Amino acid sequence: MNDIYFDHAATTPMLKEVIKAMEPFYNQSFANPASSHLSGQKAAAALEDARELVAELVGAQKAEEIVFTAGGTEADNLAIKGVAMALSKKGKHIITSKIEHHAVLKSCEYLEKHLGFDISYLNVDQNGLVDIEELKNEIREDTILISIMLANNEIGTIQPIKELAAVASQNDILFHTDAVQAAGQLKIEIDDLGVDLLSLSAHKFNGPKGIGALFVRRGVELIPQISGGSQERKRRAGTANLAAAVGMGKAAEIAVKNLEKKRKKLISLRDYFIIQLQDSFNNLKINGPESDSRLPANINVSFRELDAESILFNLSLSNIAAATGSACASGSLSVSHVLKAINLEDEYLKGAIRFSLGKGNTREEIDFVIDKLKEIINRLNSLK
Ligand SMILES: *Cc1c(COP(=O)(O)O)cnc(C)c1O
């Protein structure tokens, strides 16, 4: 029996159309896009078509502003380390937030530890929102980059990126946003947001794993983080993962086409799920913001004085797949840095579970989960 899958923030299944689009590029049209023969030229054309489709997903003016990477993690690394190294003569101060994905936080730590950068970490309120005044106060002469995620992967907070990026631009500072969770759920318009760099990952919007992209606004300089050939206009060396890029392009095309329908469906499921939870339990807390500032697919809930790992284990016995705060944190004993940053009370800290929705989920599945949760929570409470 297949799992009832509520872990789309960790990864999503590939669409049939995506697999179909990729297939020819493994054996028939397998040439290296950097080769000058005809087959190579055809491969290069397919790569550029895919780049165009990814550009359209974020409203980029020029396809050449899209750099393919091996995923969201690499896109975040390239943005942060790449800009830091390019601008280190101008300054060595970066501002980010306390609730970023580890791909951003660890990149910042790397710069701090190995290259003498100074990083400021913005606080967030109980909903996970950063404060624009605090951002303004942290800006210094030597600030070269601000990196704040568009939407959080654990509690779903959508940040006011447009306002934050405007502060950066008024101060002549580059702005990067990790939009990995937002793509496919929210409309992304680069020019409206006013950001200089934006990270994407295909497997979070029904594309293949191991491919992502970084939008780099024209004129923004970066030092490549992988050295070698002159692929990706000298910003990312290595033979392109052509089939995966084509798959990402197809997933992007479908995401654009279905965005409104999918967004509405997810919001309706999410709000139904939250109401069912609130009606069924008196010992829970919904973590994260109200519905307007929350990712359509995100639900994060804590059960008072219960342990998330035991709840998840019991759910998995009923073939229900959910997660603790983040996939990276599950299995480890450490408490989520995001839940700590929103100052979640101790009694709720260890019992946080994330249900993240996708296009295949139904109300019937939610009803099933609620029924199982009732049994599980009762049993765990009686064991205390
Ligand atoms: C999944 C995720 C990443 C990492 O993307 P990969 O393609 O898995 O490396 C980065 N940031 C956020 C917010 C994510 O959810």
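Student: Why is Asn314 called buried?

Tutor: This is a predicted model, and in it Asn314 has a relative accessible area of 13%. Buried means under 20%, so Asn314 counts as buried.

Student: Where does Asn314 sit, and what does Asn314 touch?

Tutor: Asn314 lies in helix H11 (residues 308–317). Leaving aside residues up to four places away in sequence, Asn314 touches Ile376, Arg379 and Leu380. A contact here means heavy atoms within 4.5 Å.

Student: Let's step back to the whole chain. What makes the chain as compact as a globular protein of that length?

Tutor: First, the inventory: the chain holds 14 helices and 12 strands. Its radius of gyration is 21 Å, and the globule rule gives 21 Å for 384 residues; the two values are close, so the chain is as compact as a globular protein of that length. Along its principal axes, the C-alpha trace spans about 70 × 55 × 35 Å.

Student: How much of the chain is buried, and how much area is exposed?

Tutor: Buried residues account for 55% of the 384 residues. The chain exposes about 17000 Å², with carbon and sulfur atoms supplying 48% of that area. As for contacts between residues at least 6 apart in sequence, 75% of them join residues at least 24 apart.

Student: On to the sheet. What makes S2 and S4 the edge strands?

Tutor: The open sheet has 7 strands in the order S2-S8-S7-S6-S5-S3-S4, with mixed pairing. Strand S2 (66–69) and strand S4 (118–122) each pair on one side only, and that makes them the edges. From one strand to the next, the twist averages 20°.

Student: How do you know that S5 and S6 pair?

Tutor: Pairing requires at least two bridges. Strand S5 (residues 143–147) and strand S6 (residues 174–178) have 3 bridges, in the parallel sense, so they meet that cut-off. Within this pair, Leu145 stands opposite Leu174 in S6.

Student: What joins S3 to S4?

Tutor: S3 and S4 run parallel and are joined by 5 bridges. Ser97 stands opposite Leu122 in S4.

Student: Why is strand S3 called mostly covered?

Tutor: Strand S3 (residues 93–97) has 5 of its 5 residues buried. His93, Ile95 and Ser97 point one way, while Ile94 and Thr96 point the other way, and all are buried. In a regular strand, side chains alternate between the two faces of the sheet.

Student: Now the helices. What makes the crossing of H4 and H5 right-handed?

Tutor: The label right-handed applies if the near helix is turned clockwise from the far one by less than a right angle. The axes of helix H4 (residues 72–87) and helix H5 (residues 102–115) cross at roughly 35° and come within 9 Å. H4 passes H5 in the right-handed sense. Residues making this contact include Ile80 and Ala84 of H4 and Val104 and Leu111 of H5.

Student: And what is the hand of the crossing between H3 and H10?

Tutor: That crossing is left-handed. H3 packs against helix H10 (residues 242–280) at an angle of about 35°, with the axes 8 Å apart. Among the residues that meet are Ala43, Leu47 and Leu53 in H3 and Leu242, Val246 and Gly249 in H10.

Student: Which strands does H3 lie across?

Tutor: Helix H3 (residues 38–58) lies across S2, strand S7 (197–201) and strand S8 (212–216), and runs at about 110° to S2.

Notes:
Residues are numbered from 1 along each chain as its sequence is written. This is a predicted model: local features need pLDDT of at least 70, side-chain atom pairs count only at pLDDT 80 or more; totals for chains, interfaces and linings use all residues. Side-chain values use heavy atoms; hydrogens and water are left out. Helices (H or I, at least four residues) and strands (E, at least two) are DSSP runs, numbered from the N terminus. Axes are lines fitted to C-alpha atoms, for helices over the stretch in contact, and angles run from 0 to 180 degrees between N-to-C directions. The radius of gyration is taken over C-alpha atoms; the globule rule is 2.2 Å times the number of residues to the power 0.38. Buried means under 20% relative accessible area, exposed over 50%, partly exposed in between (1.4 Å probe, protein chains only). Accessible areas come from the Shrake-Rupley method with a 1.4 Å probe; for residues, only the protein chains shown count as cover.
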